[in-house]
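The exercises below ask you to read a protein–DNA model step by step, with the sequence and the coordinates open beside you. Please attempt each task before you turn to its solution.

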Amino acid sequence: MPEFPEVHTISQDLKKNIVGFKVKNIQISKYYKIPSSVQVGLKELIGKEIQDVDNIAKNIVLKLGENSYLVFHLAMTGRILLREPPDETDNWVKIVLELQKDNKIKHLKFCDMRQFGKVAVLSKNNLDILTSKYGLMPLNETVSMENFLKAIKSKKTTIKNVLLDQKIISGLGNIYATDALFLANINPKTSTQDITPESAKKLLKSIREILNEGIKNRGSTLPDKMYVDIFGNSGSQQDHFRIYLKNICDVCNGKVEFIKINGRGTYFCPTCQPLKTL
DNA sequence: ATGTTTGTTCCGAT
DNA sequence: CATCGGAACAAACA
């Protein structure tokens, strides 16, 4: 679900709206099964002030002190909502942080229908360890085509698979990877070993274009409405999908093919994305 | 009842 | 060792 543009939208909106607030109380749903160590870590946040919010790959990171970071991973169906009381109407609420600044109260809710999401309270050292597990961030301007090509070639698999491997390239999920490959005219089944410097250059440019557009449009909200921003509003990138969910190619009017690669639904146009082998 | 889903991890097979 | 496919986590929907 949330990929980089969605997570980035959430973390930036949180930053604007909760920095300076203190954690007044924390409620954990009794139906939500998390390790007791995490429950203890959460309770230790009471009384601390939110100093900063950012994201590391698809993780949302709240800084509550030099050595105390609250990290959420939303996986498929996680949501972060910021509500002002009274506010009892949200579904699948697992954790509520009651925040206070002066006389203002806000409720930061972590919701998760399928419960594949993760929450953790990490020390600076453990946050650094988490950070080190992620590969290059395509939007980082210091990433060159050479770095990117080297990362791609470090694994022998399909280009689609390597784009989704967070240890190699971080932030892309199924939707944005699918659209970026279409934009770069690369067949998703192409072997990483067959990617040329020219196509790597075009792919990096396409990934940046699609991620920046996703950020500008505040993410993608599919028909199931699972992703919404912290205020409960939908994004609009779904109105600009290049090939994801489509039946007919917008460019050539040919029939879009739908296949599974590593179990993930993959759309591609056989005409615009021919399979090339060296 | 079956198949599908934006993510990640682990296991066994190859 | 590298990689793949499937299962698992759990819930809603068509």
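Two strands are taken as paired if DSSP finds at least two bridges between them. The model is a predicted one, and the values below are computed from it.

**Exercise 1. Work out the strand order of the open sheet that contains E1, and describe how its strands pair.**

Step 1. Begin with one pair: in E6, the bridge partner of Ile28 is Ile95. E1 and strand E6, which covers residues 93-101, are joined by 6 bridges in the antiparallel sense.

Step 2. Extend the pairing to the whole sheet, which is open, has 4 strands in the order E1-E6-E7-E5, and is paired antiparallel. Strand E1 (22-28) and strand E5 (78-83) stand at the edges with a single partner strand each, so one side of each has no neighbour in the sheet. From one strand to the next, the twist averages 15°.

Step 3. Add the helix: H1 lies across E5, E6 and E7, and runs at about 25° to E5.

**Exercise 2. Treat the open sheet that contains E2 in the same way, and find where H1 packs on it.**

Step 1. The order of this open sheet of 4 strands is E2-E3-E4-E8, and the pairing is antiparallel. Its edges are strand E2 (52-56) and strand E8 (118-122), and because each has a single partner strand, one side of each is left without a neighbour in the sheet. Neighbouring strands are turned by 20° against each other on average, direction ignored.

Step 2. Look at the pair E2 and E3 in detail, where 5 bridges join E2 to strand E3 (residues 59-63) in an antiparallel run. The bridge partner of Asp52 in E3 is Lys63, and helix H1 (residues 4-18) packs on this sheet by touching E2 and E3, its direction making about 170° with that of E2.

Step 3. Follow the chain through the turn: Asp54 stands opposite Val61 in E3, and the hairpin of E2 and E3 has 2 residues between the strands, with Ala57 taking a positive phi near 50°.

**Exercise 3. Find backbone geometry that departs from the usual pattern, and place each case in the fold.**

Step 1. Recall the expectation: most residues other than glycine have a negative phi, and most peptide bonds are trans.

Step 2. Check omega, which is near 5° for the peptide bond from Pro85 to Pro86, so that this bond is cis by the assignment made here. Pro86 is found in the loop between E5 and E6.

Step 3. Check phi for Arg218, which is positive at about 60° although this residue is not a glycine. Arg218 is placed in the loop between H7 and strand E9 (257-261), and at 30% relative accessibility it counts as partly exposed.

Step 4. Check phi for Asn262, which is near 55°, again a positive value in a residue other than glycine. Asn262 lies in the loop between E9 and strand E10 (264-268), and at 64% relative accessibility it counts as exposed.

**Exercise 4. Describe which residues surround DNA strand C, and which polar contacts they make with it.**

Step 1. List the surroundings of DNA strand C, which are Trp92, Met113, Arg114, Gln115, Phe116, Lys155, Lys156, Thr157 and Asn262. Of the atoms of DNA strand C that come within 4 Å of the protein, sugar and phosphate account for 60%.

Step 2. Sort these residues by character, which gives 3 nonpolar, 3 polar and 3 charged.

Step 3. Take the contact to a base: a base nitrogen of DNA strand C is 2.7 Å from an N or O atom in the side chain of Arg114.

Step 4. Turn to the phosphate oxygens of DNA strand C, where one is 2.5 Å from a polar backbone atom of Lys156, and a phosphate oxygen is likewise 2.5 Å from an N or O atom in the side chain of Thr157.

**Exercise 5. Decide whether Ile105 is buried, partly exposed or exposed, and do likewise for Ser206.**

Step 1. Apply the cut-offs, by which buried means under 20% relative accessible area and exposed means over 50%.

Step 2. Ile105 is found in strand E7 (residues 104-112), and its relative accessibility of 25% makes it partly exposed. Setting aside residues up to four places away in sequence, Ile105 touches Glu84, Pro85, Glu98, Leu99 and Gln100.

Step 3. Ser206 is found in helix H7 (residues 197-216), and its relative accessibility of 5% makes it buried. With residues up to four places away in sequence again left out, Ser206 touches Ala180, Leu183 and Ala184.

Definitions and conventions. Residues are numbered from 1 along each chain as its sequence is written. Chains are lettered from A and ligands numbered from 1 in the order in which they are written. This is a predicted model: local features need pLDDT of at least 70, side-chain atom pairs count only at pLDDT 80 or more; totals for chains, interfaces and linings use all residues. Side-chain values use heavy atoms; hydrogens and water are left out. Axes are lines fitted to C-alpha atoms, for helices over the stretch in contact, and angles run from 0 to 180 degrees between N-to-C directions. Contact means heavy atoms within 4.5 Å. A residue is near a molecule or strand if one of its heavy atoms lies within 4 Å of it. A polar contact is a pair of N or O atoms within 3.5 Å; within protein, one must be able to donate a hydrogen and the other to accept it, and residues adjacent in sequence count only if both atoms are side-chain atoms. Ala, Val, Leu, Ile, Met, Phe, Trp, Tyr, Cys and Pro count as nonpolar, Asp, Glu, Lys and Arg as charged, and the others, Gly among them, as polar. Buried means under 20% relative accessible area, exposed over 50%, partly exposed in between (1.4 Å probe, protein chains only).
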